[in-house]
Amino acid sequence: WTPGSRWWGAGTDKIPLEVDVIAESVDKKSLLVGEVKSTVTDRELKRLEVELQHKVERLPISKSYHRIIKKIIVADTGAQRAKILIPGRKVFSALR
């Protein structure tokens, strides 16, 4: 994976869009798109998943990749059962 960074710009709908983390795979076939939160509850998880999906759909560069990996990265959570969540301390091992 290339180094992750934030992404700001106009979405495909021309409305401003901010993504907390994007990173491209070294082979340029996959894109990681993530939201970073300090905490998240089970109740908030579904809303965050929907918001992240909408961001991916509006992200102009997403159409250039064969695979989009969506993750919500959290420092502390009671909802770590969900596949979309990665505790902050496990981010790098999850990308391997």
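**Exercise 1. A hairpin loop**

Which residue takes a positive phi in the hairpin of strand 1 and strand 2? Identify this residue in the predicted model, and describe its setting.

*Solution.*
Step 1. Strand 1 and strand 2 pair in the antiparallel sense, and the pairing extends over 5 bridges. One of the bridges links Ser-5 to Ile-22 in strand 2.
Step 2. The hairpin has 5 residues between its strands, and Lys-14 takes a positive phi near 70° there.
Step 3. Lys-14 belongs to the loop between strand 1 (5-10) and strand 2 (16-24).
Step 4. The sign of phi deserves notice because most residues other than glycine have a negative phi. Lys-14 is not a glycine, yet its phi is positive.
Step 5. The relative accessible area of Lys-14 is 69%; because exposed means over 50%, Lys-14 is exposed.

**Exercise 2. A second positive phi**

Where does Lys-28 lie, and is Lys-28 buried or exposed?

*Solution.*
Step 1. Lys-28 is placed in the loop between strand 2 and strand 3 (30-40).
Step 2. Its phi is near 65°, a positive value in a residue other than glycine.
Step 3. With a relative accessible area of 53%, Lys-28 is exposed, because the cut-off is over 50%.

**Exercise 3. Overall architecture**

Determine how many helices and strands the protein has, and in what pattern they follow one another.

*Solution.*
Step 1. The secondary structure consists of 2 helices and 5 strands.
Step 2. Along the sequence, these elements follow the pattern β-β-β-α-β-β-α.
Step 3. Of the 96 residues in the protein, 38% are buried.
Step 4. The exposed surface amounts to about 6200 Å², of which carbon and sulfur atoms supply 55%.
Step 5. Among contacts between residues at least 6 apart in sequence, 48% join residues at least 24 apart.

**Exercise 4. The largest nonpolar core**

Which elements give two or more residues to the largest nonpolar core?

*Solution.*
Step 1. The largest nonpolar core comprises 15 residues. Among those with the most contacts inside the core are Trp-7, Val-19, Ile-22 and Leu-31, together with Val-33, Leu-59 and Ile-72.
Step 2. Two or more core residues come from each of strand 2, strand 3, helix 1 (42-58) and strand 4 (67-77).
Step 3. Helix 1 supplies the largest share, 4 residues.
Step 4. Ile-22 illustrates the surroundings of a core residue: beyond four places in sequence, its contacts include Trp-7, Leu-31 and Val-33. Pro-3, Gly-4, Ser-5, Leu-32 and Ile-61 also touch Ile-22.

**Exercise 5. A glutamate in strand 3**

Is Glu-35 buried or exposed, and which side chain does Glu-35 join in a polar contact?

*Solution.*
Step 1. Glu-35 is part of strand 3.
Step 2. Its relative accessibility is 7%; because buried means under 20%, Glu-35 counts as buried.
Step 3. The side chains of Glu-35 and Lys-55 are joined by a polar contact of 3.0 Å.
Step 4. Apart from neighbours within four places in sequence, Glu-35 is in contact with Lys-55, Leu-52, Glu-18, Val-19 and Asp-20. Contacts of Glu-35 also include Lys-71, Ile-72 and Ile-73.

**Exercise 6. Confidence of the model**

State the mean pLDDT of the protein, and where the pLDDT is below 50.

*Solution.*
Step 1. The mean pLDDT is 82, and 77% of the residues reach 70 or more.
Step 2. The pLDDT is below 50 over residues 79-84.
Step 3. Beyond near neighbours in sequence, the stretch 79-84 has 15 contacts in the model.

Definitions and conventions: Residues numbered from 1 in each chain as written. Predicted model: local features only at pLDDT ≥ 70, side-chain atom pairs only at ≥ 80, totals over all residues. Heavy atoms only, no water. Buried < 20%, exposed > 50% of the residue type's maximum accessible area, 1.4 Å probe, protein only. pLDDT = per-residue confidence, 0-100. Contact = heavy atoms within 4.5 Å. Core = buried A, V, L, I, M, F, W, Y, C linked by side-chain atoms within 4.5 Å. Areas by Shrake-Rupley, 256 points an atom, 1.4 Å probe, with all protein chains shown as cover. Pairing = 2+ DSSP bridges. Polar contact = N/O pair within 3.5 Å; in protein donor to acceptor, adjacent residues only side chain to side chain.
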